[in-house]
Amino acid sequence: FNPRGPYPLLFLHGEQGSGKSTLTRMITEIVDPSTLDTRSLPSGERDLVIAAENARVLAFDNSSNLSSNLSDVLCRLSTGSGFTTRTLYSDRGEEIFESARPVIINGIEQVAERSDLMDRSLFVELQSIPENERRTEQDLWKEFREDQPHILGGLVWAVSAALKRQDQVQLDTMPRMADFAQWAVAAEPA
C-alpha cells in the first residue's frame, strides 16, 4: 500500500502442505484482486516488466529456481525498473516500460541466492499444516471472506499511520531499502 515504494520482495517457502499458494492468493486478494491471482515466474525481463505494467502485485507460484538475470530484474523492479523495446512495425520507435511493484514468490525451496536480491527481500518460512488441522478450501475461504474487511481495515489503519509518521521517523542505522524500513517503522504503532 506504499504509494511510492520501494517494495521488498516477499519470499514464502516451506514444505508441501504449508499453505504457500493459498497464503499468496489471500495476500493478492486483499491488495490486488484480479482475475489472475498467481502466475508462473517468467523466463525473461520483457515478460516480467509487461506483467508489472498490468498488475499492482506480482505473485509467482511454485517457483523452484531463479536465474541470475531474473534475479537482477527483480532487484530493479523492487526499486523501479525500466525496459525499452522497439515499437512494433517501426524501425526507430521505442516503447518504454517503467515499473516498481511488490512481488511475492513462493516455493518449497528458498530460491533467492544472490546477496543483492536477498538484501531487498523479506523471507517467511511456513510450517507444514498437520493433518488434524487441515480443512477444506471452501471453509477456509468462507472464513477469510468474513475476516477480509477487518484485515483490510487494519492495513488501512497502518497505512494511515505510516503516511502521518513517515517524515518523523529517524532510524538508528540505514539498512538497504531504507525508505521501506522507514515506512514500516512509521506504520508500527498501528
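This report walks through a sheet, two helices and the aromatic pairs of a predicted model.

## About the model

Because this is a predicted model, local features need pLDDT of at least 70 and side-chain atom pairs count only at pLDDT 80 or more, while totals for chains, interfaces and linings use all residues. Residues are numbered from 1 along each chain as its sequence is written, and side-chain values use heavy atoms, with hydrogens and water left out.

## The sheet

Let's start with the strands (DSSP runs of E, at least two residues, numbered from the N terminus). Four of them make an open sheet, ordered β2-β5-β1-β6, with parallel pairing; two strands pair if DSSP finds at least two bridges between them. The edges belong to β2 (58-60) and β6 (121-126), each with a single partner strand, so one side of each has no neighbour in the sheet. On average, neighbouring strands here are turned by 15 degrees against each other, direction ignored (axes are lines fitted to C-alpha atoms).

At the β2 edge, β2 pairs with β5 (residues 103-107) in the parallel sense over three bridges. In this pairing, F60 stands opposite I105 in β5.

## Helices α5 and α6

Next come the helices (DSSP runs of H or I, at least four residues). Helix α5 covers residues 137-165 and bends by about 45 degrees at D147, with a proline, P149, following within four residues. The bend is the angle between axes fitted to the seven residues ending at a position and the seven starting there.

The buried residues of α5 (buried means under 20% relative accessible area, exposed over 50%, partly exposed in between, with a 1.4 Å probe and protein chains only) include W141, F144 and Q148. This buried set packs against α1 (20-31) and α6 (178-187), where contact means heavy atoms within 4.5 Å. From the other side, α6 has A181, W183, A186 and A187 as its buried residues, and they pack against α5.

## Aromatic pairs

Rings of Phe, Tyr and Trp (its six-membered ring) pair if their centres lie within 6.5 Å; planes under 30 degrees apart are stacked, over 60 edge-to-face, and the rest tilted. By this rule there are two aromatic pairs. F11 and F123 are stacked, at 5.4 Å centre to centre and 15 degrees between the planes. This pair links distant parts of the chain, with F11 in strand β1 (residues 9-14) and F123 in strand β6, 112 residues apart. F11 counts as buried at 1% relative accessibility, whereas F123, at 36%, is partly exposed.

W141 and F144 form an edge-to-face pair, 5.2 Å centre to centre with 80 degrees between the planes. Both lie in helix α5, three residues apart, about one turn of the helix, and both are buried.

Conventions. Axes are lines fitted to C-alpha atoms, for helices over the stretch in contact, and angles run from 0 to 180 degrees between N-to-C directions.
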